[in-house]
Amino acid sequence: MCDALMELFADKLEERRQDGRQDGSLQRLVGQVRKKIAKGLSAELTADCLEETVPVIQRIYEAIQQNPEAEDLEICELLKSVIPAKQTTGMV
């Protein structure tokens, strides 16, 4: 019984670590996109520069433009329901 609990705990811990990495990757991407917006770059050019898909970058652009005072973490929270997790995995 104890081994089963330890395995369950280890699985949950790994799941949380992966979620944390994805959140960090998305937050970094939001910050990078914010800088590209400040430089006046289009979503298409930004997607090319960051090697990301245009739809993902466009959603980030829209979220930032609709919430200009929001910090990167707040933008990430808004985006989590819009961008599927598989699209945020492996982001720079």
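This section walks through the fold of a predicted model, from its overall make-up to its core and its individual helices.

The chain is built from helices, with five of them and zero strands. Read along the sequence, the pattern is therefore simply α-α-α-α-α. Of the 92 residues in the chain, 28% are buried. The exposed surface of the chain comes to about 6,400 Å², and carbon and sulfur atoms supply 53% of that area. Among contacts between residues at least 6 apart in sequence, 62% join residues at least 24 apart.

A good place to begin looking inside is the largest nonpolar core, which holds 17 residues. The members that touch the most other members are Leu-29, Val-30, Val-33, Ile-57, Ile-60, Ile-75 and Leu-79. Four helices each supply at least two residues of this core: H1 (2-38), H2 (43-50), H3 (54-66) and H4 (72-80). The helix that gives the most is H3, with six residues. As general background, nonpolar side chains in soluble globular proteins tend to be buried together.

Ile-75 gives a handy view of how this core is put together. Leaving aside residues up to four places away in sequence, Ile-75 touches Val-30, Arg-34, Ala-63, Ile-64, Asn-67 and Ala-70. Val-30 is also a useful landmark for another residue, Leu-73, which sits in helix H4. Although 43 residues separate Leu-73 and Val-30 along the chain, their C-alpha atoms are 8.4 Å apart. Leu-73 has a relative accessible area of 48%, so this residue counts as partly exposed, just under the cut-off for exposed, which is over 50%.

The individual helices are worth a look in turn. In H2, the buried residues are Ala-43, Thr-46, Ala-47 and Leu-50. These residues lie on the same side of H2, because they cover an arc of only 100° around the axis. The spacing fits a general rule: an α-helix has 3.6 residues a turn, so residues three or four places apart point the same way.

Just after H2, Glu-51 takes a positive phi of about 55°. Glu-51 belongs to the loop between H2 and H3, and this positive value occurs in a residue other than glycine. For comparison, most residues other than glycine have a negative phi. Glu-51 is exposed, with a relative accessible area of 72%.

Helix H3 comes next. At 1.5 Å a residue, its 13 residues should span 18 Å, and the C-alpha atoms at its ends are 18 Å apart, so the two values agree. The buried residues of H3 are Val-56, Ile-57, Ile-60, Tyr-61, Ala-63 and Ile-64. Viewed down the axis, these buried residues fall within an arc of 165° and so line one face of the helix. The face turned away from that buried side carries the exposed residues Gln-65 and Gln-66.

In H4, burial involves Ile-75, Cys-76 and Leu-79. Their arc around the axis is only 105°, which places them on the same side of H4. Two of these residues, Ile-75 and Leu-79, have already appeared among the core members that touch the most others.

Definitions and conventions
Residues are numbered from 1 along each chain as its sequence is written. This is a predicted model: local features need pLDDT of at least 70, side-chain atom pairs count only at pLDDT 80 or more; totals for chains, interfaces and linings use all residues. Side-chain values use heavy atoms; hydrogens and water are left out. A nonpolar core is a set of buried Ala, Val, Leu, Ile, Met, Phe, Trp, Tyr and Cys residues joined through side-chain atoms within 4.5 Å. Buried means under 20% relative accessible area, exposed over 50%, partly exposed in between (1.4 Å probe, protein chains only). Contact means heavy atoms within 4.5 Å. The arc is that of the directions from the helix axis to the C-beta atoms. The expected span of a helix is 1.5 Å times one less than its number of residues. Accessible areas come from the Shrake-Rupley method with a 1.4 Å probe; for residues, only the protein chains shown count as cover.
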